[in-house]
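I opened the notebook to go through one protein model, from the overall counts down to single pairs of residues. The entries are in the order in which I looked things up.

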Amino acid sequence: MDTAAPLDIDPLLDDPKTRIVVCCGSGGVGKTTTAAALGLRAAERGRKVVVLTIDPARRLAQSMGIDSLDNTPRRVKDVEGAGELHAMMLDMKRTFDEIVEAHADAERARAILSNPFYQSLSAGFAGTQEYMAMEKLGQLRARDEWDLIVVDTPPSRSALDFLDAPKRLGSFLDGKFIRLLMAPAKMGGRAGMKFLNVGMSMMTGTLGKLLGGQLLRDVQTFVAAMDTMFGGFRTRADATYRLLQAPGTAFLVVAAPERDALREAAYFVERLAADSMPFAGLVLNRVHGSGAARLSAQRALAAAESLDEDHENGLEGFDGENLVDGRIVDQRDGKAEDRGTGGSSPEVPSSTTGPDGVSVDRLTAGLLRLHAERMQVLAREQRTRDRFTALHPEVPVAEVAALPGDVHDLAGLRAIGERLATQNEKAGAI
């Protein structure tokens with residue numbers, strides 16, 4: 001069995017040089033909960049923390065006791081210790097609006113914000129959410145108000161979208177189509193109008209049939225208004241990308257002990273290395289355990305089958321009856337009587353029953369089968385972890401034992417933080 005080096009969470013969070021922690025991974029593996037738990041633990045160990053989440057389910061707000069999260073960091077109450085915890089939820093459109101308002105005069109900003117193409121772009125263009133998460137991260141870091149920023153990356157189909165989105169959106173803004181639409185405004189005068197007429201006639205014959213002339217006019221109006229801002233998008237994206245590569249940033253890949261999640265995690269680990277991103281380790285969430293792991297699945301199943309055989313042999317021929325203290329109890333009238341030669345009890349093993357008339361042997365056999373299923377789950381998870389470790393033996397791993405229920409308050413987040421920090425102790429695993 002391959003054993004990965006343990007990931008020490010507390011030294012990472014305590015280090016004042018650690019300024020940004022990015023939690024990434026595929027969807028449904030607990031990134032939001034992990035980010036919130038890390039933020040709470042860091043705050044309760046004395047740091048001033050802000051958690052930026054992009055989780056549409058709003059579970060983070062509920063677990064932190066905040067009525068709602070928005071684009072403004074809000075302080076979380078009832079944090080123990082000397083630190084502070086703030087939390088916010090990315091408002092993609094509002095972040096885009098703030099960029100426009102900050103980098104355009106009032107008249108131009110109004111023209112942009114009211115433009116139909118802008119409204120569509122800011123609300124749902126592919127990659128916009130990830131790009132705006134990068135923008136917001138850059139804004140938070142520039143304010144220098146917090147010791148630590150914990151980022152919960154967007155719930156994208158692929159975790160790699162977080163790194164790719166700024167490049168994709170920048171390519172769109174710098175693309176040939178945008179440059180074509182910008183050319184008339186840059187040329188101006190009659191030459192510009194002539195070029196515009198030619199360009200529009202060309203596009204009307206091709207794109208116009210697909211998109212509609214009104215949309216093309218909205219796009220050109222948007223481009224003309226945004227002309228001076230396009231370079232800023234690329235510049236800020238590049239700056240934030242460099243920030244993510246800086247030594248003060250730590251990437252944590254979050255995964256579940258499942259084949260698909262760990263395959264995605266392995267791919268992301270390789271991508272982080274290729275992009276020279278500072279990778280701290282893997283958080284393996286919802287790992288199952290057992291307090292009776294010494295009893296193997298095979299032995300548990302064998303014991304269950306043996307109990308079933310004994311039970312069937314002991315009750316054979318006594319339909320509707322049970323055995324109590326060596327006597328046959330007729331369950332139809334509740335009377336007990338001796339049935340045998342000379343008033344002696346028959347030579348059959350005794351069996352006790354539970355409150356519902358189910359024999360203890362049957363209950364025990366059922367529990368043994370449940371234990372066998374749990375041990376099979378543990379074995380499958382271990383094989384999956386071993387495959388990941390064999391591929392990436394250099395990756396430190398923190399295993400987080402599964403909680404019995406969902407996290408819905410600070411106490412639950414605190415428990416997750418403790419399990420992250422003491423991940424070798426699997427007490428409380430279910």
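The notes below cover the whole chain, then the sheet, then the helices that pack on the sheet and on each other.

**Entry 1: whole chain**

I am working with a predicted model. I counted the secondary structure first and got 17 helices and eleven strands. I then looked at burial: of the 430 residues in the protein, 47% are buried. For contacts with a separation of 6 or more, I found that 75% are between residues 24 or more positions apart.

**Entry 2: strand order**

In what order do the eight strands of the open sheet lie? I read the order as β3-β4-β2-β5-β1-β6-β7-β11, and the pairing is mixed. I noted β3 (74-75) and β11 (397-401) as the edge strands, each of which pairs on one side only.

I started from the β3 edge. β3 pairs with β4 (residues 84-89) in the antiparallel sense, over two bridges. In this pair I found Arg75 opposite His86 of β4.

The next step inward is from β4 to β2. These two strands are parallel and share six bridges. I took Val49 as an example, and its bridge partner in β4 is Leu85.

**Entry 3: β2, β5 and β1**

I followed the order on to β5. β2 and β5 pair in the parallel sense over four bridges. Leu52 has Val151 of β5 as its bridge partner, and Val51 stands opposite Val150 in β5.

I then looked at the pairing of β5 with β1. This pair is also parallel, with four bridges. Here Val21 is bridged to Val150 of β5. I note that Val150 thus appears opposite Val51 and as the bridge partner of Val21.

How many of the residues of β5 are buried? I found five of five, so β5 is largely enclosed by the rest of the structure. I checked the directions of the side chains as well: Leu148, Val150 and Asp152 point one way, while Ile149 and Val151 point the other way, and all are buried. For β2 I found five of six residues buried, so this strand too is largely enclosed by the rest of the structure.

**Entry 4: helices on the sheet**

I looked next for helices that pack on the sheet. Helix α7 (residues 128-143) does so, touching β1 (20-24), β2 (48-53), β4 and β5 (148-152). The direction of α7 makes about 165° with that of β2.

Towards the other end of the strand order I looked at α16. Helix α16 lies across β7 (279-287) and β11, and runs at about 170° to β7.

**Entry 5: α4 against α7**

I went back to α7 for its packing with helix α4 (residues 92-103). The two axes come within 9 Å and cross at roughly 60°. I therefore entered α4 and α7 as oblique to each other. Their crossing is left-handed.

Which residues meet here? From α4 I listed Met92, Thr95, Phe96, Glu98 and Ile99, and from α7 Thr128, Gln129, Met132, Glu135, Lys136 and Gln139. I sorted the residues of this contact into four nonpolar, four polar and three charged.

**Entry 6: α14 against α16**

The last helix pair I looked up is helix α14 (residues 259-274) with helix α16 (residues 360-391). Their axes are 10 Å apart and the angle is about 15°. With angles under 35 degrees counted as roughly parallel, α14 and α16 are therefore roughly parallel to each other. The crossing is right-handed.

On the α14 side I listed Arg259, Leu262, Ala265, Ala266 and Val269, and on the α16 side Thr384, Arg385 and Phe388. The residues of this contact divide into five nonpolar, one polar and two charged.

**Entry 7: Thr384**

I picked out Thr384, which is in helix α16. Is Thr384 buried or exposed? I found a relative accessible area of 7% for Thr384. Buried means under 20%, so Thr384 is buried.

I then listed the contacts of Thr384, leaving aside its neighbours within four places in sequence. What remains is Pro257, Glu258, Arg259 and Leu262. Arg259 and Leu262 are also among the α14 residues that make the contact with α16.

How values were computed
Residues are numbered from 1 along each chain as its sequence is written. This is a predicted model: local features need pLDDT of at least 70, side-chain atom pairs count only at pLDDT 80 or more; totals for chains, interfaces and linings use all residues. Side-chain values use heavy atoms; hydrogens and water are left out. Axes are lines fitted to C-alpha atoms, for helices over the stretch in contact, and angles run from 0 to 180 degrees between N-to-C directions. Angles under 35 degrees count as roughly parallel, over 145 as roughly antiparallel, 65 to 115 as roughly perpendicular and the rest as oblique. A crossing is left-handed if the near helix is turned anticlockwise from the far one by less than a right angle, and right-handed if clockwise. Contact means heavy atoms within 4.5 Å. Ala, Val, Leu, Ile, Met, Phe, Trp, Tyr, Cys and Pro count as nonpolar, Asp, Glu, Lys and Arg as charged, and the others, Gly among them, as polar. Two strands pair if DSSP finds at least two bridges between them. Buried means under 20% relative accessible area, exposed over 50%, partly exposed in between (1.4 Å probe, protein chains only).
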